[in-house]
Amino acid sequence: MTTATYDYIIVGAGSAGCVLANRLSRDPTIRVLLLESGGSDRHFWVRLPVGYFKTIYDTRFSRLFDTEPGEGTAGRAIVWPRGHLLGGSSSINGLIYIRGQHRDYDDWAARGAHGWDFHSVLPYFKRSERFEGGESEYHGANGEIGVSRLRNDHPYCAAWLEAAQQLGFPANPDFNSASEYGVGAYQLSIRGGWRSSAAVAFLRPIAHRPNLEIRTRAHASRVLFDGIRAVGVAWASHDGEHTAHAQREVILAAGTIQSPQLLQLSGVGPAELLRRHGIEVVVDAPEVGENLKDHYQARTIVRLKRPMSLNDDVRNPFKLAAMGARWLFANSGPLTVGAGQVGGFVATSCAKDSRADMQFNVMPLSVDKPGEPLHDFSGFTASACQCRPVSRGRLRIRSADPFDAPTIEPNYLTEELDRRTLVEGIRILREIYVQPAFRDLVDGEVLPGSDCRDDARLLAFAREKGGTVFHPTGTCRMGSDARSVVDCELRVRGVERLRVIDASVMPEIISANTNAAAIMIGEKGADLVLREGA
């Protein structure tokens, strides 16, 4: 066992953890230790934008967590992949860079997360962003995360956008501006043709700093306490058990699954649960692991009349070579795409105040899931995802073993509002397909299929075939009330010198992909830490 002393120990080199390591180590007098349970991100498929298709379920780069089977998923367990390498899930995600609705953050503040309204967090979004379109009211141009416009124009994606507008949804050229409402192309976390992960953007340029130590394959097992004061971290690696002391703070940035798990393993959590597993209770914190939310999607797939799908192109060696050339020489084409090329945000009849409650992701291909072969027909996919589900789940340790995955109960579709909204989202996608701009391209519906017409069958389809959009949040809820896990400065309640700074602190899930928000939380969290440490 080795022991060393640092000012700050950060657990988790994911989206927020890399930002924290960068910002806290800027001062050469501050010593920072960054612990990551996974390994290096230096791999071609990790760096290539479309490589997420290969890496997201690959256990070399991702840790796969099984959720508990539930009625909402027709008795199925859903696999939740989380990045297990430098950059965390920003190194394996679908690259969509989007902040969510302004009102998402205003709602956080209204619920007691003071200082986290949109006006207050926008500067932190802009600080980290290097948008290829330049500086503006809503974009930053001098930050680290590369943000690129879509660099693959596909005629059928353009046809889908036109069809959506024919149905009455407005065109939106920039979802990260004044409003997210409408349909358009997504922006992606890409720079110079490569994935701009948190590790590439924030960590690699400063890894040489002598006051920053980065340890990979270091699996944190518990936070060390002296009474209620966090004083260090214990972790396991290939050469045994290690500990390190923190003179100022311990910061958990291990994500929505492993930050609450580590709190519970360390004695901060529901007292009855901890005692059941023989863990000494440092503080009874009933909400650690509660408030879990995730986006759940149902995918529609249609067969195309002409071989214009990427399903066809990947089987043509000449088109594959052309794809490689476009990426290599023009930083464009299919190799630069993310998990959605175009899409949009619309309001169903379930929405309040006509606020968008449905997100669409559209791709000119079809597949059962990433990592598997594309279908052998010309497929086109559009998925429906409810923006703000009201169903809540929870996460709890299964044992006192830090390598034992926790039980994850997402409780998808347990609330009637979620069921009605998702079914209506599927119906809207069907209406887009039959608009003049798209209907002549379709040679039949594959999913849900012609036999799914009424609401009951569409709901059954969503339960049987739907899945995660990989956006778990909320298990260490931030707030000003006494039951919240962290306060508005992200300090863990009931203890000292311990913070959680990652997507787990979100009081409510935002209305879109969560990676940009996780980076923002790292930015603002770093300011909060430095302000107190000054």
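I began with helix α12 and found that the side chains of Arg419 and Glu416 meet in a salt bridge, 2.8 Å from N to O. The model is a predicted one. Both Arg419 and Glu416 belong to helix α12 and sit three residues apart, about one turn of the helix.

I then looked up the accessibility of the pair. Arg419 has a relative accessible area of 17%, and since buried means under 20%, Arg419 is buried. Glu416 comes out at 41% relative accessibility and so counts as partly exposed.

Which other residue forms a salt bridge with Glu416? I found Arg420, with the closest N and O atoms 3.8 Å apart. Glu416 and Arg420 are four residues apart in helix α12, again about one turn of the helix. Arg420 has 42% relative accessibility and therefore counts as partly exposed. I also noted a network elsewhere: Glu249, Asp487, Glu489, Arg491, Arg499 and Glu532 are joined by salt bridges that share partners.

**Entry: packing of α12 on α14**

I stayed with α12 and turned to its helix contacts. Two packed helices are described by the angle between their axes and the distance between the axes, so I recorded both values each time. For α12 and helix α14 (residues 455–465), I have an angle of about 100° and axes 9 Å apart. The range for roughly perpendicular is 65 to 115 degrees, so α12 is roughly perpendicular to α14.

I listed the residues that meet. From α12 they are Arg419, Leu422, Val423, Ile426, Arg427 and Arg430. From α14 they are Asp455, Leu458, Leu459, Phe461, Ala462 and Arg463. Sorted by class, this contact of α12 with α14 has seven nonpolar, no polar and five charged residues. I note that Arg419 appears in this contact and also in the salt bridge with Glu416.

**Entry: packing of α6 on α12**

I repeated the lookup for helix α6 (residues 155–166) and helix α12 (residues 416–433). They pack at an angle of about 105°, and their axes are 8 Å apart. By the angle, α6 and α12 are therefore roughly perpendicular to each other. On the α6 side I found Trp160, Ala163 and Ala164 making the contact, and on the α12 side Leu429, Ile432 and Tyr433. How many nonpolar, polar and charged residues does the contact of α6 with α12 have? I get six nonpolar, no polar and no charged residues.

**Entry: salt bridges across the chain**

I took the count for the whole model, which comes to 35 salt bridges. One of them is between Arg398 and Glu68, with the closest N and O atoms 3.9 Å apart. This pair links distant parts of the chain, 330 residues apart. I placed Arg398 in the loop between β20 (394–396) and β21 (407–409), and Glu68 in the loop between β3 (62–66) and β4.

Are Arg398 and Glu68 buried, partly exposed or exposed? Arg398 has 37% relative accessibility and counts as partly exposed. Glu68, with a relative accessible area of 30%, is partly exposed too.

**Entry: Ser89**

The last lookup was Ser89, which I found in the loop between β4 (79–83) and α4 (102–110). Its side chain reaches the backbone nitrogen of Gly83 at 3.0 Å. With neighbours within four places in sequence set aside, I find Ser89 in contact with Arg82 and Gly83.

Definitions and conventions. Residues numbered from 1 in each chain as written. Predicted model: local features only at pLDDT ≥ 70, side-chain atom pairs only at ≥ 80, totals over all residues. Heavy atoms only, no water. Axes fitted to C-alpha atoms, helices over the stretch in contact; angles between N-to-C directions. Helix = DSSP H or I, 4+ residues; strand = E, 2+ residues; numbered from the N terminus. Parallel < 35°, antiparallel > 145°, perpendicular 65-115°, else oblique. Contact = heavy atoms within 4.5 Å. Nonpolar A, V, L, I, M, F, W, Y, C, P; charged D, E, K, R; others polar. Polar contact = N/O pair within 3.5 Å; in protein donor to acceptor, adjacent residues only side chain to side chain. Salt bridge = Lys/Arg side-chain N within 4 Å of Asp/Glu carboxyl O. Buried < 20%, exposed > 50% of the residue type's maximum accessible area, 1.4 Å probe, protein only.
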